[in-house]
Amino acid sequence: MSYRVIGSCKELVKQEVLKRPVTFMKLVSETQCATETVEKYLSEFLKETLVKEKKGKFRVIYSSNATNEQVEFYELLLNPTIKSTIICMLKLDKPVSQIELVAITEKSNPSISRGMKLLLHKRIINRNYHAPFSTYGIIDKNKIMSLLQSTYPEIYHNFDKFELHEPEMMKIFLDIYK
């Protein structure tokens, strides 16, 4: 990995963080600056209140102009199962069952179940009861697409290229647009 000139690192770090929320390690990777250098500039930006950070499972750095909703959505989609589930549900025109999501995403049933529970709790999806199963759908697709645009622009701008009928293509799509 080639490291950039120190002077340009400060500007690169600033540009990346102001664009959209990002994890610390992704920021280091995208700017190709040394970890210590990125940390140094982030501490300066934090003191200037230009950026904020949220520490949890991942350290998320974001613009002070970003909304809580954007930051929470970004964090939520750091989970690959939840990201797959949301993208599938956005692509489908009708509500989908948990078993269908397992088949489409090729994720495990317990993993999909945990993701659905979290999405229900966050009021991103709703549940429709049918005997003997339930179906799920996104409550406000426009809002989710707007959040995708501000937090994961790569996915948003390439959303039409994504095809649901081939699970392998979904894996490739999600790997390319992490």
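## Two sheets, a helix face and a pocket in a predicted model

Beyond residues up to four places away in sequence, Asn128 touches Pro95, Phe133, Ser134 and Thr135, where contact means heavy atoms within 4.5 Å. This is a predicted model, in which local features need pLDDT of at least 70 and side-chain atom pairs count only at pLDDT 80 or more, while totals for chains, interfaces and linings use all residues. Residues are numbered from 1 along each chain as its sequence is written, and side-chain values use heavy atoms, with hydrogens and water left out.

**Overall make-up**

The protein has 10 helices and 6 strands. Helices (H or I, at least four residues) and strands (E, at least two) are DSSP runs, numbered from the N terminus. Of the 178 residues in the protein, 42% are buried. Buried means under 20% relative accessible area, exposed over 50%, and partly exposed in between, with a 1.4 Å probe and protein chains only. Among contacts between residues at least 6 apart in sequence, 54% join residues at least 24 apart.

**The sheet around Asn128**

Asn128 lies in strand S5. With 27% relative accessibility, Asn128 counts as partly exposed. The C-alpha atom of Asn128 is separated by 9.5 Å from that of Val96, and the two residues are 32 apart along the chain.

S5 belongs to an open sheet of 3 strands with the order S4-S6-S5 and antiparallel pairing. Strand S4 (96-97) and strand S5 (125-130) each have a single partner strand and stand at the edges, so one side of each is left without a neighbour in the sheet. Two strands count as paired if DSSP finds at least two bridges between them. S5 and strand S6 (residues 133-138) are joined in the antiparallel sense by 6 bridges; Tyr129 has Ser134 in S6 as its bridge partner.

S5 and S6 form a hairpin with 2 residues between them. Pro132 sits in the loop between these strands, and the peptide bond from Ala131 to Pro132 is cis, with omega near 5°.

On the S4 side, Ser97 is found in strand S4 and counts as buried at 9% relative accessibility. Apart from neighbours within four places in sequence, Ser97 is in contact with Phe133, Ser134 and Thr135.

**The other sheet**

Another open sheet of 3 strands has the order S1-S3-S2, again with antiparallel pairing. Strand S1 (22-23) and strand S2 (51-55) stand at the edges with a single partner strand each, so one side of each has no neighbour in the sheet. S1 and strand S3 (residues 59-63) run antiparallel and are joined by 2 bridges. Val22 stands opposite Ile61 in S3.

**Helix H2 and the residue after it**

Helix H2 (residues 24-31) has Phe24, Leu27, Val28 and Thr31 as its buried residues. Viewed down the axis of H2, these buried residues fall within an arc of 100°, so they line one face of the helix. The arc is that of the directions from the helix axis to the C-beta atoms.

Gln32 comes just after H2. Most residues other than glycine have a negative phi, and most peptide bonds are trans. Gln32 and Glu106 are not glycines but have a positive phi, as tabulated below.

| Residue | Phi | Location | Relative accessibility |
|---|---|---|---|
| Gln32 | about 55° | loop between H2 and helix H3 (35-47) | 29%, partly exposed |
| Glu106 | about 60° | loop between helix H6 (98-105) and helix H7 (109-121) | 44%, partly exposed |

**The second largest pocket**

On a 1 Å grid over the protein atoms alone, a pocket is an open set of points where a 1.4 Å probe fits, with protein on both sides within 12 Å along at least five of seven lines; lining residues have an atom within 4 Å of a point. Grid points are joined across faces, edges and corners, and a volume is the space filled by probe spheres set on the points.

The second largest pocket holds about 260 Å³ of space. Its lining is made up of Lys54, Lys57, Phe58, Glu72, Glu75, Leu76, Leu78, Asn79, Ile82, Leu118 and Lys122. Helix H4 (residues 68-76) supplies the largest share of this lining, 3 residues. By class, the lining has 5 nonpolar, 1 polar and 5 charged residues. Ala, Val, Leu, Ile, Met, Phe, Trp, Tyr, Cys and Pro count as nonpolar, Asp, Glu, Lys and Arg as charged, and the others, Gly among them, as polar.
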